Structures are given as structure tokens and as C-alpha cells.
Amino acid sequence: MSHSKRNTSLAFFTAHERNQLKSTWGSQATRLSRDSFLPFASCNLCLQPSRDPVACASHGDIFCRECIVSNLLAQRKEIKRLEKEDERRRTEAEDEERGKAEEERERSISEFEKTMMGLEGAGGKSNGTTATDDRKEGEGRGVKRKFELDAKELLKNAQDERAKARRAIEEEK
């Protein structure tokens with residue numbers, strides 16, 4: 001027989017391998033004995049017979065009074081530590097967001113001032129359309145369009161300017 005016929009890397013067990021495993025795994029020798037269980041009225045935290053026992057009302061677990069009080073205090077301390085850490089992270093995120101918003105505001109103010117002083121073109125890049133292109137058919141020359149600016153339009157313009165300032169800041173970085 002060649003080596004490949006005797007290899008043991010099959011996807012299933014042979015009868016010989018199964019008999020070898022039965023002798024050590026899943027047999028009567030590996031069953032749990034009574035030494036594996038806690039005696040009645042043992043503390044679930046320290047695993048010793050409970051002193052001054054206290055039972056959990058919802059699950060019926062038994063604890064030593066000293067063990068459960070110290071465990072509850074430790075849990076409470078850990079929860080407070082996690083809450084403080086969460087609050088610290090939240091304030092850091094808020095501070096970072098405020099800093100970005102302030103940087104965007106300063107950037108938009110400086111762009112506005114440069115535009116007003118004539119150092120930059122009005123609005124930067126043009127999209128290539130003129131006022132005559134914006135006219136609808138049927139509107140004659142000399143007909144004035146009404147200029148309406150409501151709260152929604154102002155909010156949209158402000159958001160567009162903030163987004164433009166944010167992109168400009170990120171491009172500089």
C-alpha cells in the first residue's frame with residue numbers, strides 16, 4: 001500500500017480512530033461526580049459555605065452577605081466609571097464639533113470679507129450661465145422677476161456655505 005492510501009486526514013473517523021476516542025472521551029470515566037457540584041447553601045461568589053446567607057429574590061441564588069455587598073459595590077463603582085468615561089467622550093466630541101463649526105464660520109467670514117474688499121471674484125467659479133439664460137420662454141426683455149427669499153431658502157444657502165467652507169478646510173489639511 002502506498003502512503004496516500006493510509007493517510008489519516010480524512011473528513012470522517014475510521015473505526016479504529018473511533019474506538020480510540022471512545023476509550024477516553026464520552027465514556028463513564030469522564031462523567032461528572034458529586035465533587036463537581038457545590039454543596040447546598042454555598043455562596044456563588046466565593047464558592048464556600050455561605051456565612052450570613054442572602055438569597056436573590058428573582059433567581060434564588062445564595063450568597064454570603066459580605067460577598068454580595070462587596071460585589072454590588074464593585075459593580076456600582078464600575079458603572080460610575082463607565083458613565084464618566086462616556087460623558088468625557090461625549091464632551092470631547094461636542095468640543096470637536098464646536099471647534100469645526102467655529103473654524104467653518106471664521107472661514108466663511110474671511111471669504112466674505114475678501115469678496116467685499118474685491119480681493120477674490122464674487123462667488124469664485126462661475127457655472128457659465130448668465131441672467132439671460134435663466135429667463136423662461138415667453139418672458140420678454142424688461143420683465144422683472146420677483147425676488148423671494150424665505151426661511152427655507154436662507155437655511156439652504158447657509159447649509160451650502162457651511163458645506164463649502166468644510167470642504168475648503170479639509171482640502172487645506
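This passage describes the packing of helix α5 and the largest nonpolar core in a predicted model. Residues are numbered from 1 along each chain as its sequence is written, and side-chain values use heavy atoms, with hydrogens and water left out. Because the model is predicted, local features need pLDDT of at least 70 and side-chain atom pairs count only at pLDDT 80 or more, whereas totals for chains, interfaces and linings use all residues.

Helix α5 (residues 151-172; helices are DSSP runs of H or I with at least four residues, numbered from the N terminus) contains 22 residues and reaches 32 Å from its first C-alpha to its last, close to the expected 32 Å, the expected span being 1.5 Å times one less than the number of residues. Its buried residues are Ala 165, Ala 168 and Ile 169, where buried means under 20% relative accessible area and exposed over 50%, with a 1.4 Å probe and protein chains only. These residues lie on the same side of α5 because they cover an arc of only 100° around the axis, taken from the directions from the helix axis to the C-beta atoms. The face turned away from this side carries the exposed residues Lys 152, Glu 170 and Glu 171.

The buried residues of α5 pack against α3 (65-117), with contact meaning heavy atoms within 4.5 Å. Glu 104, which lies in helix α3, counts as buried because its relative accessibility is 6%; among the residues that Glu 104 touches, not counting those up to four places away in sequence, are Ala 165 and Ile 169.

The largest nonpolar core comprises 5 residues, Cys 43, Phe 63, Cys 64, Cys 67 and Ile 68, such a core being a set of buried Ala, Val, Leu, Ile, Met, Phe, Trp, Tyr and Cys residues joined through side-chain atoms within 4.5 Å.

Notes. Helix = DSSP H or I, 4+ residues; strand = E, 2+ residues; numbered from the N terminus.
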